[in-house]
Amino acid sequence: MRKIVAYIGILLATVFTVGAQTGVMNLKSPDGRMEARFELKDGVPYYSLSRDGKAVILPSRMGFTLEWRKNDMASGFQVNNVHEETFDETWQPVWGEEANIRNHYNEMVISLQQDYYLDHEGKRVDKPTVMIIRFRLYDDGLGFRYEFPQEIQNSEFIVHNSLITFWLTDELTEFRLPGDPMAWWIPGDYDTQEFNYTQSRLSQVRELHDSPHISGGWPWKSFSDTGLQTALQLKTDDGLYINIHEAAVLDFPTMNLDLTYNEEVNRLKVHLTPDATGYVGRLTSPCYSPWRTVQVCDKATDVLRSRLILNLNEPCALEDVSWIHPVKYMGVWWEMISDHSTWGYTNDFPSVRLPGDPSLPPSLQGAITDYTKAKPHGRHGANNANVRRYIDFAAKHGFDALLIEGWNIGWEDWYGKDKDYVFDFLTPYPDFDLPALNRYAHERGIRLIMHHESSSSVTNYERFMERAYNLMNEYGYDAVKSGYVGHIVPHGEHHYSQPIINHYHRAIVEAAKHHIMVNAHEAVRPTGLCRTWPNMIGNESAMGTEFRGRINPGHTTILPFTRLQGGPMDYTPGIFETDMEKNAPWNHDLMRHTICNQLGLYVTFYSPLQMAADFPEHYEPYMDAFQFIKDVAVDWDTSIYLYAEPGDYIVTARKPKVSTLNQAADGLGELPDGKKGVISNAARFVYGIEDTNAFTHSHINALKPRDTWFVGGVTDENAREFSVRLDFLKPGVKYEATIYADAKDASGYVSDVTIGWEAARKEGYNPKAYTITKKTVTSKTVLKLKMAPCGGFAVSIRER
Ligand code: NOJ
Ligand code: CA
């Protein structure tokens, strides 16, 4: 269990008796600026929220409708009792944007009671129903959730809840907003969040709703032409940043929002993802809903600093977290994404029927697909020689790990077929020698990262999960990238429906038992569960680098406000070769970023799992710029958000956490075939050990880590200049800064990504032009840093 350094819990209990309380109940934030109000109007629950006396959320409905109950959980309530409490702790995440996180809130817990209910025939049953609403108000936002206890203690007696097993047909929670705020949004969906964001007023959502689908992910399942996903970032005309999301989604479907906007009302209503039978939650008490959250900040940089979502999650559930560590990795991956090579091995099979499929009759078992007899097509990326080439490069440059996709049989038939028995996660292709490659990697100080593409056949992944994790344990894999491309099997379920939410969670919990860290792609966007389960080190769950030219300029300046609010993203940055034709002649995309933009992302995008995604041969000509990717840390002691505006720019400074710098390498040394004493590239930088120096980790104890900072910036299609005051450095100390900046004539912008390199050049497209400058700096220095269109900068600063 993580140590809590400070805890003050003061109980200010106010107890009301049933029926005596129907008035307004108020709760103030610790700094007194925010106020949440709860009110029963004729038995119907409402809440509202204000900051400095100004309305943020107007009175908005709460509650649920249920199957089999005519009066639902929506009206006919009385207040049973109310508790208030103050809580203040500082906790230490296993990894994160800072070493210490303060969790300080005032809480109001309201028990509501219905004295009787009407059954499905409308007959009155004189048994009480209890629902608790728990509000937590922070200086930077509100969280509230619904709780369904089996019983509650009244002032005199125990009330047994008649609501034990129940099925939700709708959640009535609303967020009614004054005015017509600006919104950064992606369309509501049951299956994907792989979309570009649209920036518009809420009143424009309906007319613009379809445009993100044009370049977005598949499969998408829209439910309304005014549906929106969370985290939804809003900005009022008064300059207030409001962010609506949810925290701790467990055993509950994902929340979308449906907008009603007209002259009278501006309302976002919760829309839960239905399961295959149409219900939006099958619950058994005791249980609670996820937290519904409204983050409210005066400044955009405060949105990035907010830990509201993490704080609303429960503390770490794992006793031993010593095996969890940050990872900087490379991958046999981009070459498949860019069509330079393939995941599959052969063209021999019109369809793949894997041996062992329990649905096959014995006469067909193994008869159709026999890879040992198949003719390789020669484009398989995960072959022994190619994997060794990547291992050599990653090891030479001090990375922790290498991801390899397409190592296992089944890829010839994995996509878009809605197959059940699609992979076995156990059998390598004939040209992938799993034991030998792991040994080869470990001897050079590299771990291999396992890949489990489930093709969204959750049924099948669960069938194999235990065996697949055991295989990983046998060979020393400690991290898996899982994936959920395509329609969910069981058919009719969705990526965000309750049974599938439970699957993602089960995968994390089971993985923890095997000491495996999980990075799930296409799974539901995170809601802070990594606080409780820190082996959940990554997720994609948004439009990432794999979308290449389809990514809009400015996309990466929005994600930290939206997708990253719930947890880190495996965005897979580091693409230096922006001309996709270099990877495959038939692939005409140009990517809209400069090399320095990609460098900046390692600082502006928080993730304890960071990839250098491009090919080794694409880094070779730019090793001086690649040095930043080697030096940068991925886990932080302190983060300072200097400048930010969603859709425009982000500038962030971070100081590495020294205790986890070399943790991945140290763990590898404990394997029987693992190279001992490896020093990771980021540790080398912080301890000032030259690349050519043959130090081992045992020598580090004799060295002092140097005070080190990294600063990164990214911009949209507009060039920008920022003054960065280095007043976070230790006063009176001299540091060396290495500044990686877009050259004067650099530009990552092109009007149409398919026009080809020559035509793009005529528009000024010049993504690989950068300068690297070294400078002595102190806490008094102010750096002037320029960014080209779609550009960025990166600065490493180390005590001399
Ligand atoms: C989609 C993932 O986002 C990508 O990273 C992966 O390579 C493919 N699925 C195949 O699993
Ligand atoms: Ca994806």
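This is a chat between a student and a tutor about a predicted model of a protein with a bound calcium ion.

Student: Let's start with the metal. Which protein residues are donors of the calcium ion (ligand 2)?

Tutor: The protein donors are Glu-194, Glu-522, Glu-540 and Glu-546, and Glu-540 is listed with two OE entries. These donors lie 2.1 to 2.8 Å from the ion.

Student: How are those donor residues spaced in sequence?

Tutor: The pattern is E-x327-E-x17-E-x5-E.

Student: And where do Glu-522 and Glu-546 lie?

Tutor: Glu-522 is in the loop between strand 31 (517-521) and strand 32 (536-539), while Glu-546 is in the loop between strand 32 and helix 10 (555-558). The pair therefore ties together parts that are 24 residues apart in sequence.

Student: Are those two buried or exposed?

Tutor: Glu-522 is buried, and Glu-546 is buried as well.

Student: Why is the arrangement around the calcium ion (ligand 2) called irregular?

Tutor: It comes down to the angles: the 6 donor atoms subtend 51 to 168 degrees, and that makes the arrangement irregular. For comparison, ideal angles for six octahedral donors are 90 or 180 degrees.

Student: Okay, new topic: open space. How much space lies in the largest pocket?

Tutor: About 640 Å³. The largest pocket is lined by 31 residues, and the closest to its centre are Ile-337, Trp-414, Tyr-415, Val-485 and Glu-546.

Student: I recognise Glu-546 from the calcium part!

Tutor: Good eye: Glu-546 is among the donors of the calcium ion (ligand 2), and Glu-546 also belongs to the lining of the largest pocket.

Student: Which helices and strands each supply at least two residues of that pocket's lining?

Tutor: Helix 5 (334-337), strand 29 (447-453) and strand 30 (479-483) each do. The largest share, 3 residues, comes from strand 30.

Student: How do the residues of that lining divide into nonpolar, polar and charged?

Tutor: There are 12 nonpolar, 9 polar and 10 charged residues in the lining of the largest pocket.

Student: What about enclosed spaces? How many cavities of 30 Å³ or more are there?

Tutor: The count comes to 9. The largest cavity has a volume of about 380 Å³, and 30 residues line it.

Student: Which of those lie nearest its centre?

Tutor: Those are Glu-97, Arg-307, Leu-310, Leu-564 and Tyr-606. The lining of the largest cavity divides into 18 nonpolar, 7 polar and 5 charged residues.

Student: Which helices and strands each give that cavity at least two lining residues?

Tutor: Helix 3 (300-305), helix 4 (308-311) and strand 35 (649-656) each supply at least two.

Student: While we're at helix 4, what can you say about Ile-309?

Tutor: Ile-309 sits in helix 4. With a relative accessible area of 4%, Ile-309 is buried, because the cut-off for buried is under 20%. The C-alpha atoms of Ile-309 and Glu-246 are 7.3 Å apart, although 63 residues separate the two along the chain.

Student: Other helices next. How many residues of helix 11 (residues 595-604) are buried?

Tutor: 10 of its 10 residues are buried, so helix 11 is mostly covered. Among them are Cys-596, Leu-599 and Tyr-602.

Student: And helix 6 (residues 384-396): what is its reach from first C-alpha to last?

Tutor: Helix 6 has 13 residues and reaches 18 Å, close to the 18 Å expected. Its buried residues include Val-387, Tyr-390, Ile-391 and Phe-393. After helix 6 comes Gly-398, whose phi is positive, near 80 degrees.

Student: Which residues other than glycine have a positive phi?

Tutor: Ala-248 is one of them, with phi near 60 degrees, and Ser-456 is another, at about 65 degrees. Ala-248 is in the loop between strand 21 (241-247) and strand 22 (255-261), and Ser-456 is in the loop between strand 29 and helix 8 (458-475). Ala-248 counts as buried at 16% relative accessibility, and Ser-456 counts as buried at 0%.

Student: Last one: where are there cis peptide bonds?

Tutor: One joins Thr-230 and Ala-231, with omega about 5 degrees. Ala-231 is in the loop between strand 19 (227-229) and strand 20 (232-235). Another runs from Ser-285 to Pro-286, with omega near 0 degrees, and Pro-286 lies in the loop between strand 24 (282-284) and strand 25 (287-288).

Note on methods. Residues are numbered from 1 along each chain as its sequence is written. Chains are lettered from A and ligands numbered from 1 in the order in which they are written. This is a predicted model: local features need pLDDT of at least 70, side-chain atom pairs count only at pLDDT 80 or more; totals for chains, interfaces and linings use all residues. Side-chain values use heavy atoms; hydrogens and water are left out. Helices (H or I, at least four residues) and strands (E, at least two) are DSSP runs, numbered from the N terminus. The expected span of a helix is 1.5 Å times one less than its number of residues. Buried means under 20% relative accessible area, exposed over 50%, partly exposed in between (1.4 Å probe, protein chains only). Donors are N, O and S atoms within 2.8 Å of the metal (3.2 Å for Na, K and Ca); water is not among the atoms, so sites may look incomplete. Four donors count as tetrahedral if all angles lie between 85 and 135 degrees; four count as square planar and six as octahedral if opposite donors are over 155 degrees apart and all others between 65 and 115; anything else is irregular. On a 1 Å grid over the protein atoms alone, a cavity is a set of points where a 1.4 Å probe fits but cannot get out, and a pocket is an open set with protein on both sides within 12 Å along at least five of seven lines; lining residues have an atom within 4 Å of a point. Grid points are joined across faces, edges and corners, and a volume is the space filled by probe spheres set on the points. Ala, Val, Leu, Ile, Met, Phe, Trp, Tyr, Cys and Pro count as nonpolar, Asp, Glu, Lys and Arg as charged, and the others, Gly among them, as polar.
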